Amino acid sequence: MEAKDPYTAEHENSVADLSVRVAAHLGVDPREQQTIRYAALLHDFGKIAVPAEILNKQGPLDDDEWAVMRRHTIVGAQLLARIPFFEAVHPLVRSAHEHWDGGGYPDGLAGTSIPLGARIILACDALHAMTTDRPYRRRRPLSDALRELQRCSGSQFDPAIVDVLVAEQT
Ligand SMILES: [Fe+2]
Ligand SMILES: [Fe+2]
């Protein structure tokens with residue numbers, strides 16, 4: 001993945017560190033924290049199946065490109081599901097783009113039916129993505145990004161996780 005898209009490797013490490021901090025803050029046990037770390041490190045692993053032209057496209061994706069992009073959750077989970085060591089990890093990878101209000105993908109899960117680790121990764125992923133430069137846009141200041149998380153608290157994000165992130169980052 002790193003060879004194909006250098007952004008992704010740095011992104012995954014940052015999301016993993018932040019996700020574990022949030023999990024610890026929420027009192028998640030160390031074993032589950034480790035599972036969340038692996039899932040965060042591998043959350044975009046399925047992008048290996050997304051063509052580089054789509055991954056690195058300058059500008060917004062069209063509908064067909066989005067459909068390909070959205071497959072990365074399923075592809076990543078399916079590849080990891082073959083490795084017994086990742087038994088607890090692959091469901092988190094699959095659900096890392098589910099939204100609290102049910103508006104996410106691939107299964108449209110809502111609320112606490114989304115695994116906690118996946119809810120944590122979604123919010124940490126968004127925070128890191130917003131505060132990093134991308135080919136198609138500049139990064140936002142941290143205060144702006146936190147405000148955006150709060151704006152989407154209860155729709156995209158688990159409110160309890162947004163509260164922890166705001167408390168951790170300010
Ligand atoms: Fe992703
Ligand atoms: Fe991501």
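Let me begin with the metal site: in sequence, the donor residues of the iron ion, ligand 1, follow the spacing D-x27-H-x24-H, and I should say at once that this is a predicted model. Those donors are Asp44 through OD, His72 through NE2 and His97 through NE2, and they coordinate the iron ion (ligand 1) at 2.1 to 2.3 Å. The two histidines link distant parts of the chain, since His72 sits in helix α5, residues 72-81, while His97 lies in the loop between α6 and α7, 25 residues apart. His72 is buried, with a relative accessible area of 2%, and His97, at 15%, also counts as buried because the cut-off is under 20%. As for Asp44, this residue coordinates both the iron ion (ligand 1) and the iron ion (ligand 2), which are 4.0 Å apart.

Now to helix α2, which runs over residues 30-41 and whose twelve residues reach 16 Å from first C-alpha to last, close to the 16 Å expected at 1.5 Å a residue. Its buried residues are Gln33, Thr35, Ile36, Ala39 and Ala40; viewed down the axis of α2, the buried residues fall within an arc of 160 degrees, so they line one face of the helix. These buried residues pack against α1 (6-25), α6 (90-94) and α7 (116-130), whereas the face turned away from the buried side carries the exposed residues Pro30 and Arg31. At the N-terminal end of α2, Asp29 acts as a cap, with a side-chain oxygen 3.1 Å from the backbone nitrogen of Arg31.

Finally, Ala160 is found in helix α9, residues 159-169, and is partly exposed, with a relative accessible area of 39%.

How values were computed. Residues are numbered from 1 along each chain as its sequence is written. Chains are lettered from A and ligands numbered from 1 in the order in which they are written. This is a predicted model: local features need pLDDT of at least 70, side-chain atom pairs count only at pLDDT 80 or more; totals for chains, interfaces and linings use all residues. Side-chain values use heavy atoms; hydrogens and water are left out. Helices (H or I, at least four residues) and strands (E, at least two) are DSSP runs, numbered from the N terminus. Buried means under 20% relative accessible area, exposed over 50%, partly exposed in between (1.4 Å probe, protein chains only). The expected span of a helix is 1.5 Å times one less than its number of residues. The arc is that of the directions from the helix axis to the C-beta atoms. Contact means heavy atoms within 4.5 Å. A polar contact is a pair of N or O atoms within 3.5 Å; within protein, one must be able to donate a hydrogen and the other to accept it, and residues adjacent in sequence count only if both atoms are side-chain atoms. Donors are N, O and S atoms within 2.8 Å of the metal (3.2 Å for Na, K and Ca); water is not among the atoms, so sites may look incomplete.
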